[in-house]
Amino acid sequence: RDAAMKAAPKGEVTIAFTDVQDSTRLWDVCPGMHGALDSHNEVMRLLIQRHEGYEVKTQGDSFMVAFQGPDNAVMWALEVQERLLEVEWPEDILEQKSCEVVLSENAKDSDGFPIVLFRGLRCRIGIHTGFPELEFNART
C-alpha cells in the first residue's frame with residue numbers, strides 16, 4: 001500500500017466526487033444494473049488513468065478521485081460524461097426515466113442531428129481544490 005500512497009498527489013490537490021443519479025431505485029428495479037455499473041466503473045478507471053488521476057476510494061457507485069491540478073480533473077469529468085453517452089447500456093436501464101435518451105431541442109451535430117444530452121446512467125461530478133490532510137488507513 002505504501003507504493004500506492006506515493007502515487008497520490010500532494011500539496012494543493014483537486015478532488016472529484018462522483019455519484020450515479022437514482023442508483024438506489026435502479027438497483028431495485030433493473031437486473032441490468034450489475035452490468036451497467038461494471039461499464040460505468042470501466043469508463044471511470046480508464047479515464048482516471050488517462051488524465052493522471054488517483055483513485056482514492058469507491059463506495060457503491062461513487063468514486064473519489066484525486067488530481068494534481070484542476071485542469072486534469074475538469075478534463076476527466078468532461079470526458080467521463082461524453083464516454084458514458086456511448087456505453088451500450090442494458091435495455092432495462094435505458095427504459096428508466098432517469099436513464100432515457102434526452103436530445104437537445106436546439107443544438108445539432110455536424111450532420112444536423114440533435115445532440116444527445118443524456119443516455120444511460122447519469123453521473124454527477126463535483127470538483128474541489130484545496131490542501132487535504134493525508135491520513136494512512138490500514139484497512140484500505
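**Close-up 1. Glu79 has its place in helix 4.** This is a predicted model, in which local features need pLDDT of at least 70 and side-chain atom pairs count only at pLDDT 80 or more, while totals for chains, interfaces and linings use all residues. Residues are numbered from 1 along each chain as its sequence is written, and side-chain values use heavy atoms, with hydrogens and water left out. Helices (H or I, at least four residues) and strands (E, at least two) are DSSP runs, numbered from the N terminus. Glu79 counts as buried, at 17% relative accessibility. Buried means under 20% relative accessible area, exposed means over 50%, and partly exposed is what lies in between (1.4 Å probe, protein chains only). Skip the residues up to four places away in sequence, and Glu79 touches Leu47, Arg50 and His51. Contact here means heavy atoms within 4.5 Å.

**Close-up 2. Helix 3 and helix 4 pack against each other.** Two packed helices are described by the angle between their axes and the distance between the axes. For helix 3 (residues 33-50) and helix 4 (residues 70-86), that works out to an angle of about 145° and axes 10 Å apart. The axes are lines fitted to C-alpha atoms, for helices over the stretch in contact, and angles run from 0 to 180 degrees between N-to-C directions. The crossing of helix 3 past helix 4 is right-handed, that is, the near helix is turned clockwise from the far one by less than a right angle (anticlockwise would make it left-handed). On the helix 3 side, look for His40, Val43, Met44, Leu46, Leu47, Ile48 and Arg50. Their partners in helix 4 are Trp76, Glu79, Val80, Arg83 and Leu84.

**Close-up 3. Glu52 sits in the loop between helix 3 and strand 2.** Its phi is near 60°, a positive value in a residue other than glycine. Glu52 is also exposed, with a relative accessible area of 63%.

**Close-up 4. Thr58 belongs to strand 2, which covers residues 54-59.** Thr58 is partly exposed, at a relative accessible area of 36%. Forget the neighbours within four places in sequence, and Thr58 is in contact with Arg45 and Phe63. Thr58 and Thr18 are 40 residues apart in sequence, yet their C-alpha atoms are 9.3 Å apart in space.

**Close-up 5. Gln21 and Asp22 share the loop between strand 1 and helix 2.** Strand 1 spans 13-20. Both residues are partly exposed: Gln21 at 28% relative accessibility and Asp22 at 26%. Asp22 has a positive phi too, near 65°, in a residue other than glycine. Gln21 touches Leu26, Arg122 and Arg124, not counting residues up to four places away in sequence. With Arg124, the C-alpha to C-alpha distance from Gln21 is 6.7 Å, across 103 residues of sequence.

**Close-up 6. Ser23 lies in helix 2, residues 23-29.** Ser23 counts as buried, at 8% relative accessibility. Leaving out neighbours within four places in sequence, its contacts are Met33 and Asp61.

**Close-up 7. Arg119 turns up in the loop between strand 5 and strand 6.** Those strands run over 114-118 and 123-130. This arginine is buried, with a relative accessible area of 18%. Beyond the neighbours within four places in sequence, the contacts of Arg119 include Leu84, Leu85, Glu86, Val87, Glu88 and Trp89. Also among them are Leu94, Cys99, Glu100 and Val101. Phe136 is another story: it is 17 residues from Arg119 in sequence, but 38 Å away in space, C-alpha to C-alpha.

**Overview. The protein chain behind these close-ups has five helices and six strands.** Along the sequence, the pattern reads α-β-α-α-β-β-α-α-β-β-β. The C-alpha atoms fill a box of roughly 45 × 35 × 20 Å along the principal axes. Of the 140 residues, 36% count as buried. Among contacts with a separation of 6 or more, 69% come from residues 24 or more positions apart. The accessible surface is about 8,900 Å², and 52% of that belongs to carbon and sulfur atoms; the areas come from the Shrake-Rupley method with a 1.4 Å probe, and for residues only the protein chains shown count as cover. The mean positions of the 14 positive and 24 negative charges are 4 Å apart. Lys and Arg count as positive and Asp and Glu as negative, with His and the chain ends not counted. Each charge is placed at NZ of Lys, CZ of Arg, CG of Asp or CD of Glu.
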